[in-house]
Amino acid sequence: MDEELLAEFLTESNENMASIEEQLLDLESDPANSDRLDGIFRVVHTVKGSCGFLGLSQLEKVAHAGENLLGKIRSTKFAVDSEMVSLLLESTDAIKEIIAGIEEHGREPGLDHSSICERLAVAEGRIDGTPADDEGEVIEEPVSLDWLQGIDEAYVAILRDNFPSPEKVLAAGFGTLRGLPGMQPAIALKVLGIAKSVSLDNQKKELVANPEVLNEVVESGLIEAPKEQVLAPVEEKKAEASISESSVKNQVQPARKAKSEGSIRVDVALLDELMNQVGELVLSRNRLLRLVEQQGGTELVRTSRNISQITSRLQEKLLHTRMQPISNLWGTVPRLLRDITKSLGKRIRVEMEGQETELDRTILAALKDPMTHIIRNSCDHGIESPDVRLRSGKQEEGAIKLKARQESGFIVIDVSDDGGGIDADNIRNKAVSMGVITADQGDLMSDKAALQLIFHAGLSTVEKVSNLSGRGVGMDVVQSAIEGVGGTVEIESRPGQGTTLNIRIPLTLAIIPALIVESATQHFAIPQMMVQELIAIDRESDAWEEIAGKPFYRLRGRLLPIIALSEVLEQQGQDESSSVVVVNIGARQFGISVGVILGAEEIVVKPLGRHFNHLEIYGGCSILGDGRVVPILDCLGLTKGLRQEKDVEAVVANSEAALSSISEESQYILVFAVGEQWYAIPMALVERIEEVEAAAMEKSGRREVLQYRGDVVRVIRLASVLEVESLPEQELEPCLIISDQGSRLCIQVDKIIDIVKQKLEIHLENSEPYFIGTAVVDGRSTEVIDIFEVIKKVAPNWFSSKGDRRQRVQKILYVEDAVFFRNMVIPLLDGLGCEVIAARNGIEAKKILERESPDILLTDLEMPEMDGFALTQWVRTQPRFEKMPIVALSSLDESQYREPPSLFDACVKKLDRGVLLKSLTQLLGRKREDDSVLNAEVILQENNENGGRDE
């Protein structure tokens, strides 16, 4: 078996089968959708047709049975029911199972699928109104062209007069078929594949009746004979034929054309090993930067910065290779819902938003079981039965909504349903009866805090335990699994309206930015993704309170639980420092009191040995630039004890509820100083607050710039703009990083005073430039700066440059369902310097066009679900795409278009690269002198493919 052909077959089959479940479920909801049925038939037919070339008899048998049933449904326009769809889903599961076995072992697995084939045959007979033929009966193929399933009538008519049987087609060969008037090369190749498959079927049937012809068939090489029937003369002849064939191949070996691949398959273990090596590179980079900092030297500093930037880019790109869209996790939800609702007698639909959101594959795998459990809970105990929903004024059909988005280094997933919700009082009563909390604690606890008790092991408010799930039963396992990958989960619910689970998980766990702290002379790392802010607290302040024997600090009106790191670690000699790291655990905040805050550094997460697995306060370890090994603190484990203190939970929840009730219009305000004067701006405008080394701010012409996270950022010194006297230059300059649509600016100030949460109300307007007016912030009159006016003064092109830069990368939306043509065309488009957005059909292209505005639409015409004509007609009705050129790319001649060619701005035959490049160049508004260069590249490619010969 040709390994390369097998790899291509597996890749293509997996891609085709990935969407067939969804298409079958859509067909069940809309049985009259012939386009959907055609698409399903094409997928199964393609899999079956390819099996003949590769000798995959087991897979061919199952696919053939499914194809026969689908063909009968198509020809009779039979309206499929739920039972029929279930049978087809079982057949696709069997196909996937065989493909998975081939992928794992390189051969078909030893599984018996005769039962599903018989049931498919029975279903086929039911459509005809007659019983199915016995499986053992040999059915002779009639001398007709019924064997050409899936071939258009126009091509069938061509073959009817010339090659009506599979044997004649195989004898004619590809060259003869291709030369027939009106025959397309792709159709000729497809006909050959079907003929080969049918011919093999006929020969196998003949062997059943005539075993004496076995040796003759084995010699032909069409099938592999059973070992006990292979005779010695046959083996000798096969060996001679093999030697002869090998010698011929060695003498004449045609040159294989280079294959342009849009993607390659890489073993996951290789990616993990590369990630480990990049981790070591990051550690070496940190060590190098530390040595350069100690020794100095201009050239050495410049070189080390270049190495640092290259390492960061390499790290970023490699991290991206491990990322997978969350749609890979959600793809199984429609099928899961169908199976569950069928057993429960409910009607539930699923709505998804943000399927393209990506996260690390390791985290994606860890979320599979928790997500399944959450969905089952929502179906079983969240959404009511249809009669109950109708009585409560709801629609009979319930809804489960899955929503994913990225926020500050985290992926946030919301799973919500519109069911009956959870009554917080029931949770309280159940928790009290189980002894989880006392009655007094329950009285003090807010509804939000009470709902979190659902994650306590064994706590459930469901009277009757279901075999599917139980809201609360097993939710502790869900929480443990999510926290195991550094995430958090919280629940919100309103009785009668529904329930929402909010899950926050980090993007990746491999290489992370961390805050390095010291406690009792030991160094520790705290992941920055958990850090909200750093504060200095006066130990003698009146803001300190003690609740249930635990220390709290009232920070901007909110009670902040404080954990002393030295006490948790039982270190000798407690810290007297007033430095506190405020961390976010879900919607709650905690303060970790440390000795000294040393700074930030990118660290590589290394696993701890098995002897430390029982310690929940550590999430791993790393090596710093100075070679020191530091433990990485797990903030979830560190705060677990305090989070489980019910008195603390109740008091904090009530404090937060009281604070939120009086500050609905509040916002965070950053107060800073320039010179001796205090100023304020809303924190919503600030991406980050950084302390930047003064030496890192460089002169570039007349401007001052800063190299920041792989980018060069303009620096604005606010003292210069406001024309006030600045404080003397410091080693570390406080800077505000302002971000807008991916572009950044650095605003240098003299001192960060505080971050205050309150309602920003202007009491006195200011007519001076750069100021909005005067507000009272934390009891002090403070000038509020209009930061955008400051930016317009110093960098007037900053806002507009993002939308109309001359060097803006142009986008091409390329719509093509065939992997082969995508792999051929995308490299040509990349050569134009354009960003290529690929879609597999018109439906997918429409979704992309709802959020993107490409410069050109390049579309195939013959596609499943929505073809190029329908897509183009829809685009022409959209006002915002009125000026967007549309190029048709097809194997058809313009005379064969079912719509006039004038519908498109250009029509190009597939693989006519010169015309395609010229058309795209003109429509993109490129200079005409580029044509000579592009054409030269095309000529050079063609000459290379022809072995350098001049035609």
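**Exercise 1. Two helices that meet**

In this predicted model, α5 and α15 pack at an angle of about 135 degrees, and their axes are 13 Å apart. Work out which word describes how α5 and α15 lie to each other, and find the residues that make the contact.

*Solution.* Let's start with the angle. Angles over 145 degrees count as roughly antiparallel, and 65 to 115 as roughly perpendicular. The angle here, about 135 degrees, falls in neither range, so α5 and α15 are oblique to each other. Next, look at the residues that touch. From α5 come Ser82, Val85, Ser86, Leu89 and Asp93, and from α15 come Arg335, Arg338 and Lys342. Now sort these residues by character: two are nonpolar, two polar and four charged. Last, the handedness: α5 passes α15 in a left-handed crossing.

**Exercise 2. Checking a helix by its length**

Take helix α15, residues 333-344, and test its span at 1.5 Å a residue.

*Solution.* The helix has twelve residues. The expected span is 1.5 Å times one less than the number of residues, so α15 should span 16 Å. Then compare with the model: the end C-alpha atoms of α15 are 16 Å apart, which agrees. If you walk past the end of the helix, you come to Gly345, whose phi is positive, near 75 degrees.

**Exercise 3. What lies under cover?**

Which residues of α15 are buried, and what covers them?

*Solution.* First list the buried residues of α15: Val333, Arg335, Leu336, Leu337, Arg338, Ile340 and Thr341. Then look around them. Their cover includes the helices α2, α5, α14 and α17, together with the strands β2 and β4. Notice that Arg335 and Arg338 are buried and also belong to the contact with α5.

**Exercise 4. Positive phi without glycine**

Most residues other than glycine have a negative phi. Find where Lys77 and Thr521 sit, and decide whether each is buried or exposed.

*Solution.* Begin with Lys77, whose phi is positive, near 55 degrees. Lys77 sits in the loop between α4 and α5. Its relative accessible area is 73%, and exposed means over 50%, so Lys77 is exposed. Now Thr521, with a positive phi of about 70 degrees. Thr521 lies in the loop between β8 and β9. At 65% relative accessibility, Thr521 counts as exposed.

**Exercise 5. A methionine in a loop**

Where is Met683, and which residues beyond its sequence neighbours does Met683 contact?

*Solution.* Met683 is in the loop between β20 and β21. At 21% relative accessibility, Met683 counts as partly exposed. Leaving aside neighbours within four places in sequence, its contacts are Tyr668, Ile669, Leu670, Ile689 and Ile755.

How values were computed
Residues numbered from 1 in each chain as written. Predicted model: local features only at pLDDT ≥ 70, side-chain atom pairs only at ≥ 80, totals over all residues. Heavy atoms only, no water. Helix = DSSP H or I, 4+ residues; strand = E, 2+ residues; numbered from the N terminus. Buried < 20%, exposed > 50% of the residue type's maximum accessible area, 1.4 Å probe, protein only. Contact = heavy atoms within 4.5 Å. Axes fitted to C-alpha atoms, helices over the stretch in contact; angles between N-to-C directions. Parallel < 35°, antiparallel > 145°, perpendicular 65-115°, else oblique. Left-handed = near helix turned anticlockwise from the far one by under 90°. Nonpolar A, V, L, I, M, F, W, Y, C, P; charged D, E, K, R; others polar.
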